[in-house]
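User: I am new to this structure and would like to know what some of the terms used for it rest on. Please go through them one at a time.

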Amino acid sequence: MSVCKCRFCGGRLDHTLIDLGLSPISNEYVREEQLDQGQFFYPLKVSICENCFLAQVQEYEKPENIFHDYKYFSSFSSGWLRHCREYVDMIVPRLGLSGDSMVYELACNDGYLLQYFLPYGIPVCGIEPAGNVAAKAREKGICVETCFWGEQTAGQIAEQYGPADLIIGNNVLAHVPDINGFVEGIRKALKAKGTVTMEFPHLLRLLQKNQFDTVYHEHFSYFSLFTADKIFETHGLKIYDVQELPTHGGSLRIYAAHAGNADVKMSHTVHEILTEEKEYGLCSMDGYRSFSDRVRKIKRDATALLASLKEKGASIAAFAAAAKGNTFLNYCGIGTEYIDFVADSSSEKQGLYLPGTRIPIVSPEMIREKKPDYIILLAWNIREELAGLLEDTREWGCKFITFIPETEVF
């Protein structure tokens, strides 16, 4: 029997953080003509490396198969767009970016972020492997290279466009099976005095708030600052600042530069967050042990609540056909026997069916037509935004349900 090795350091993966059973690829939505066909289910288990404590799932499907026709478009969340605009307005003066600078974004999606650099007159280049979403970015006037970022492609792009003053990666590091090649590419393409900023869900918050639905096959890895620091240090980069963000239930934005860049000053927040992680037990196995039990309780509570509501004749819908929702529904075994439909604002998803559960995805207008008694907010990380969009449903007495970090009806 072969032993799985850590994708960063090659250490043994003998420790299981959570086993969510078998699940389909979370963004592998089903067309109507495919309803009578099968769908592949893969083990969804997170292991912890005994050396570097990187949390990771095995690679069952190649990234090029997952992202060739991607159904996630970042611009459909107004809250996320606001977050990105504020980032650009902050980072331009902080780094002194100008028309002579160059900005790369890795996994630029539909241009949701790079569009805000254009009014500043700052040259940008997006790297996006999914051709269908890259096309949307180009419609906004953004230069995009359709490829996966890695050591080789980074060298080619830097040669064509010049090295970058700023490299951005928002919620992409988790999607990379070859972490070493990815980060080495950043080192090669970054100017001597350049900065890279990366945002990713914070493993500490994932554990503290029971965010198991953040786990899916497209997310190959889950990062603490401790582990991210080890990875970047290995490739000659130093994390010199970090910010805690509310996005995705609690994220980190790290700032890194070349190890030899003496111009950047180490922020005290780096030490503070590393200390918090160590005290929680993320630098040993202590902080990981009770997570599975808490997740199982959420499953029991969720199915018990929905069964009780259906026994009383309640109608239940869901909102946001998000990848995290697919993990949650498949793990809990919640399908059309509980949920009539899931509404989503993305026209790309409407008319499709959720992977595994085969719950139909419809326009939000269906909510006003059917008037469900309860709506499950599957994208709980933007619950305030979704609740605002659905405020008119209160007129007929509709209530909302979230299950992370615990079951709540409101």
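Analyst: A residue is called buried when its relative accessible area is under 20%, and exposed when it is over 50%. The model is predicted. In helix α7 (residues 225–234), Leu225, Thr227, Ala228, Ile231 and Phe232 meet the buried criterion.

User: Why are the buried residues said to be on the same side of α7?

Analyst: They span an arc of only 160 degrees around the axis, and therefore lie on the same side of α7. Glu233 and Thr234 are exposed and sit on the face turned away from that buried side.

User: What do the buried residues of α7 pack against?

Analyst: Their partners are α5 (179–189), β8 (190–201), β10 (237–245), β11 (251–258) and α8 (268–280). After α7 comes Gly236, with a positive phi near 75 degrees.

User: How do you know that strand β15 and strand β16 pair?

Analyst: Two strands pair if at least two bridges are found between them. Strand β15 (residues 374–377) and strand β16 (residues 399–402) have three bridges, in the parallel sense. One bridge joins Tyr374 to Lys399 of β16. Between β15 and β16 the chain passes through helix α12 (residues 383–389), in a right-handed β-α-β crossover.

User: What makes β16 and strand β17 a pair?

Analyst: The requirement is at least two bridges, and β16 has two with strand β17 (residues 408–409), so they count as paired, in the antiparallel sense. Thr402 has Glu408 of β17 as its bridge partner.

User: How many residues lie between β16 and β17 in their hairpin?

Analyst: Five residues lie between β16 and β17 in that hairpin.

Definitions and conventions:
Residues are numbered from 1 along each chain as its sequence is written. This is a predicted model: local features need pLDDT of at least 70, side-chain atom pairs count only at pLDDT 80 or more; totals for chains, interfaces and linings use all residues. Side-chain values use heavy atoms; hydrogens and water are left out. Buried means under 20% relative accessible area, exposed over 50%, partly exposed in between (1.4 Å probe, protein chains only). Helices (H or I, at least four residues) and strands (E, at least two) are DSSP runs, numbered from the N terminus. The arc is that of the directions from the helix axis to the C-beta atoms. Contact means heavy atoms within 4.5 Å. A crossover is right-handed if, with the strands pointing away from the viewer, the path from the first strand over the helix to the second runs clockwise.
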